[in-house]
Amino acid sequence: MLCMVIAMADSPEEKRKIEKLYEKYNRFMYMVAFNVLKHSEDAEDALMEAWEKIIVHLDKINEIDCQETKSFLVIITERTAIDLYRKKSRRGKIMAALTECEDSPFFATREKEFENIELYHVMRNIPKKYAEVLILHYIHGLTGREIAKLFDIKEDAVIKRLSRGRKMLGEEMGK
């Protein structure tokens with residue numbers, strides 16, 4: 001699979017970056033996808049789709065070994081797996097409940113240093129769909145259009161989620 005992922009890169013620098021990301025995070029990303037889909041072949045399909053999305057946004061990743069990169073990859077992998085789950089469940093192929101995977105690995109796989117940040121605690125109190133959009137927009141610098149494409153929703157929905165997320169964030173910070 002690494003060869004297929006690296007083949008998508010344009011330059012030698014991108015290939016090296018992808019190779020490092022793959023070596024560090026691919027197993028973890030597979031576990032995230034498997035936790036959602038509960039089926040190894042479907043998890044592999046979701047993982048391949050996630051890598052395609054990640055490569056499109058490779059310029060958003062500055063450091064390989066940091067919490068921001070990890071959360072970015074987890075969010076994309078989880079959302080891709082959930083989208084695949086929904087497609088499959090519409091066809092009646094997967095019967096497990098989607099609610100089993102609603103706890104985001106972004107929050108479940110936190111690092112000790114990240115736990116002490118006040119924003120982490122505030123983001124845990126915001127619904128996941130708003131927190132993910134806020135993280136992708138403000139931490140990773142994705143535009144509304146890019147987030148809409150990743151989540152397969154309309155750009156207006158992303159803008160609304162950003163607005164509601166900021167409002168919820170302000171209310172949580174004011175407590």
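Let me start with what I mean by a charged patch: residues with over 30% relative accessible area and no salt bridge, with like charges joined within 9 Å. Keep that in mind, everyone, and keep in mind too that this is a predicted model.

So, which residues gather in a patch of positive charge on the surface? They are Lys-129, Lys-160, Arg-164 and Lys-167. And which helix gives the largest share of that patch? That would be helix H10, residues 155-174, with 3 residues. Lys-167 is found in helix H10, and Lys-167 is exposed because its relative accessible area, 58%, falls in the range over 50%.

Let me step back to the whole chain for a moment. The protein chain has 10 helices and 0 strands. Read along the sequence, the pattern is α-α-α-α-α-α-α-α-α-α, which at least makes it easy to read aloud. The chain has 175 residues, and buried residues make up 46% of them.

Now to the aromatic rings. In general, a pair of aromatic rings is described by the distance of the centres and the angle of the planes. How many aromatic pairs are there by the rule used here? The count comes to 2.

Take Tyr-22 and Trp-51. Their ring centres are 5.7 Å apart and their planes sit at 35°, so this pair is tilted. For anyone wondering about the label, tilted is the class for planes that are neither under 30 degrees apart nor over 60. The pair links distant parts of the chain: Tyr-22 is in helix H2, residues 12-37, and Trp-51 is in helix H3, residues 40-56, with their positions 29 residues apart in sequence. Are these two residues buried or exposed? Tyr-22 is buried, at a relative accessible area of 14%, and Trp-51 is buried as well, at 0%.

Then there is Tyr-30 with Phe-34. This aromatic pair is stacked, with 6.0 Å from centre to centre and 25° between the planes. Here the partners sit in one helix: Tyr-30 and Phe-34 are 4 residues apart in helix H2, so about one helical turn separates them. As for cover, Tyr-30 is partly exposed with a relative accessible area of 25%, and Phe-34 counts as partly exposed at 31%.

Staying with helix H2, let me point you to Lys-20, which lies in that helix. Lys-20 is exposed, with a relative accessible area of 52%. Where does Lys-20 stand with respect to Ile-64? The two are 44 residues apart in sequence, and their C-alpha atoms are 7.2 Å apart in space.

On to the salt bridges. How many does a search of the whole structure find? It finds 6, and I'll walk you through some of them.

Arg-16 forms a salt bridge with Glu-13, and the closest N and O atoms are 3.9 Å apart. With a cut-off of 4 Å, that distance still falls within the rule. Arg-16 and Glu-13 are 3 residues apart in helix H2, so they are separated by about one helical turn. Arg-16 counts as partly exposed at 46% relative accessibility, whereas Glu-13 is exposed at 51%.

Next, the side chains of Asp-65 and Lys-24 meet in a salt bridge, at 3.2 Å from N to O. Asp-65 lies in the loop between H3 and helix H4 (67-90), while Lys-24 is in helix H2, so this pair ties together parts that are 41 residues apart in sequence. Asp-65 is exposed, with a relative accessible area of 56%, and Lys-24 is partly exposed, with 44%.

Finally, back towards helix H10. The side chains of Glu-155 and Arg-145 meet in a salt bridge, at 3.8 Å from N to O. Glu-155 lies in helix H10 and Arg-145 in helix H9, residues 144-151, so the pair ties together parts that are 10 residues apart in sequence. Glu-155 is partly exposed, at 31%, and Arg-145 counts as exposed, at 60% relative accessibility.

That brings us back to helix H10, which also gives the largest share of the positive patch. Thanks for listening, everyone!

Technical notes
Residues are numbered from 1 along each chain as its sequence is written. This is a predicted model: local features need pLDDT of at least 70, side-chain atom pairs count only at pLDDT 80 or more; totals for chains, interfaces and linings use all residues. Side-chain values use heavy atoms; hydrogens and water are left out. Patches are made of residues with over 30% relative accessible area and no salt bridge: like charges are joined within 9 Å, nonpolar side chains (Val, Leu, Ile, Met, Phe, Trp, Tyr) within 5 Å. Accessible areas come from the Shrake-Rupley method with a 1.4 Å probe; for residues, only the protein chains shown count as cover. Lys and Arg count as positive and Asp and Glu as negative; His and the chain ends are not counted. The place of a charge is taken as NZ of Lys, CZ of Arg, CG of Asp or CD of Glu. Helices (H or I, at least four residues) and strands (E, at least two) are DSSP runs, numbered from the N terminus. Buried means under 20% relative accessible area, exposed over 50%, partly exposed in between (1.4 Å probe, protein chains only). Rings of Phe, Tyr and Trp (its six-membered ring) pair if their centres lie within 6.5 Å; planes under 30 degrees apart count as stacked, over 60 as edge-to-face and the rest as tilted.
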